[in-house]
Amino acid sequence: MSGYLALIDKLAVEGTLEHGEFLALLKGRSEDTAQYLFEKARAVRHAIYGRDVYMRGLIEFTNYCKNDCFYCGIRRSNREADRYRLTPEQILDCCAAGYKLGFRTFVLQGGEDPYYTDERMADIIRAIKSRYPDCAVTLSIGEKSRESYRLLREAGADRYLLRHETANDEHYAKLHPASLTLANRKRCLYDLKDLGYQVGCGFMVGSPYQNDACIADDLLFIKELDPHMVGIGPFIPHHQTPFAAEKPGTMELTLFLLGVIRLMLPGVLLPATTALGTIHTQGREQGILAGANVVMPNLSPRDVRTKYMLYDNKICTGDEAAECRVCLQRRMESIGYNLTVARGDYIPPQRSFVLPVIPESNITDGKEGSDPEERKCYV
Ligand code: SAH
């Protein structure tokens, strides 16, 4: 047990582990050790973000998709999906309603829908930014060329969510058709970062064929990319996909990984996702207590919500935006956190948050980073 806790301590101090150590951490986890991890993760997030929880208004503006990801309910081959697109006016109406409710980030998410050309997307982004200059616009519209990302960034997009889905090539090929590659997904993420977006990667927990080695690969890739945001949530099967009969991911492992990611990237914006709230009624609250600091309620018009079904039984499909806002506020208050009205940009961790944890005698080993100033921890 103490060797195991030492791994968590090492993660808190160094921000990463070796591949084999991540495997040991995952394999040996228990309820007690998870509590130890969550306490450290909370201490880190409190030092940087206090008890604030940022909210992002999710606008699911199209469920047309040219891709055929095996896990996703809006994949091209799902002929049963009832397809829709929101007009620019409908999108702006969602923003107007959201702004009144205190949202200062709008996330435009959709399938990869060729109808929304770069020009159409740029027009929508410009319209939102001119009406709400104090708000951030986040895009989550899949893989594009560097040139397209550049145009959208110039139009005013601030952030981009593109989960890498899995950082293991073989696993990637089991979740996607051959036309989609991990190499291109990674290329997109590096281009986005280079273009000055705040970038989010991430993966599904418990996706089919995922094992601990895949997760260790994911964690090491996240460390390498050093994103501003990480989205993880449990895989949940959708009945009209090839993975209809697969098992969902667990809350337990999702929470554990939220804690690990908080220790790896202290300033990361980390949502307690809707998928986590779908597999357990207290999933989002537990996510916050494990180290998450973002929630993403739905601002899509009510009549399209049941059509944006990435997975079965998705929550909040019958509620109005205002109801979601009140419900989440209550949920956050119930665990001692506040839902805040703020853009909620990434805060790079500062030295001022740093407290020493290792005795001075242990930190003069001459190795890289042995400067006492460098070898401090956030908890
Ligand atoms: N087309 C965009 C948005 C995809 S939907 C893109 O490619 O980025 C956002 C995320 O939902 C996906 O990245 C995926 O990780 C997640 N998702 C899709 N199907 C899911 C399922 N069955 N269970 C849980 N999460 C799922």
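**Helices and sheets, and why they get their labels**

Tutor: Let's start with helices H3 and H10, which are oblique to each other. Keep in mind that we're looking at a predicted model.

Student: Okay, what makes H3 and H10 oblique?

Tutor: Look at the angle: the axes of H3 (residues 31–49) and H10 cross at roughly 45 degrees, coming within 9 Å. Roughly parallel needs an angle under 35 degrees and roughly perpendicular needs 65 to 115, so 45 fits neither and counts as oblique. H3 passes H10 in a left-handed crossing.

Student: Which residues of H3 and H10 make the contact?

Tutor: On the H3 side you'll find Ala34, Leu37, Phe38, Lys40, Ala41, Val44 and Arg45. H10 brings Leu255, Phe256, Gly259, Val260, Arg262 and Leu263.

Student: How many nonpolar, polar and charged residues does the contact of H3 with H10 have?

Tutor: It has 9 nonpolar, 1 polar and 3 charged residues. Gly259 is in that contact, and Gly counts as polar here.

Student: H10 also packs with H12. Why are H10 and H12 called roughly parallel?

Tutor: H10 (residues 251–264) and H12 (residues 283–290) pack at about 30 degrees, with axes 8 Å apart. The cut-off is under 35 degrees, so an angle of about 30 falls in the roughly parallel class. That's the reason H10 and H12 are therefore described as roughly parallel to each other. Their crossing is right-handed.

Student: Which residues make the contact of H10 and H12?

Tutor: From H10 come Met251, Leu255, Leu258 and Gly259, and from H12 come Gly283, Gln286, Gly287 and Ala290. By class, that contact holds 4 nonpolar and 4 polar residues, with no charged ones. Leu255 and Gly259 of H10 are also listed in the contact with H3.

Student: How do you know which class H4 and H5 belong to, roughly parallel or roughly antiparallel?

Tutor: Same test. The axes of H4 (residues 88–100) and H5 (residues 118–131) come within 11 Å and cross at roughly 30 degrees. H4 and H5 are therefore roughly parallel, and their crossing is right-handed. Pro88, Ile91, Leu92 and Cys95 of H4 meet Asp123, Ile124, Ala127 and Ile128 of H5. This contact divides into 7 nonpolar, no polar and 1 charged.

Student: On to the strands. What makes S2 and S7 edge strands?

Tutor: The open sheet of 6 strands runs in the order S2-S3-S4-S5-S6-S7, with parallel pairing. S2 (57–62) and S7 (229–234) each have a single partner strand, so one side of each lacks a neighbour in the sheet. From one strand to the next, the twist averages 20 degrees.

Student: How do you know that S3 and S4 pair?

Tutor: Count the bridges. S3 (residues 105–110) and S4 (residues 136–140) run parallel and are joined by 5 bridges. Pairing takes at least two, so S3 and S4 qualify. Within that pair, Leu108 stands opposite Leu139 in S4.

Student: And what makes S1 and S8 a pair?

Tutor: S1 (residues 52–55) and S8 are linked in the parallel sense over 2 bridges, and at least two is what's needed, so they count as a pair. Met55 stands opposite Val295 in S8. These two strands belong to an open sheet of 3 strands, in the order S8-S1-S9. Its edge strands are S8 (294–295) and S9 (338–340), each pairing on one side only. Helix H14 (residues 321–334) packs on this sheet and touches S1, S8 and S9, its direction making about 135 degrees with that of S9.

Student: Last one: how many residues surround the ligand, and which are the closest?

Tutor: There are 19 of them, and the closest are Cys72, Gly142, Arg163, Leu310 and Tyr311. The shell is made up of 10 nonpolar, 6 polar and 3 charged residues.

Notes: Residues are numbered from 1 along each chain as its sequence is written. This is a predicted model: local features need pLDDT of at least 70, side-chain atom pairs count only at pLDDT 80 or more; totals for chains, interfaces and linings use all residues. Axes are lines fitted to C-alpha atoms, for helices over the stretch in contact, and angles run from 0 to 180 degrees between N-to-C directions. Helices (H or I, at least four residues) and strands (E, at least two) are DSSP runs, numbered from the N terminus. Angles under 35 degrees count as roughly parallel, over 145 as roughly antiparallel, 65 to 115 as roughly perpendicular and the rest as oblique. A crossing is left-handed if the near helix is turned anticlockwise from the far one by less than a right angle, and right-handed if clockwise. Two residues are in contact if their C-beta atoms, placed from the backbone, lie within 7 Å. A residue is near a molecule or strand if its C-beta atom, placed from the backbone, lies within 6 Å of it.
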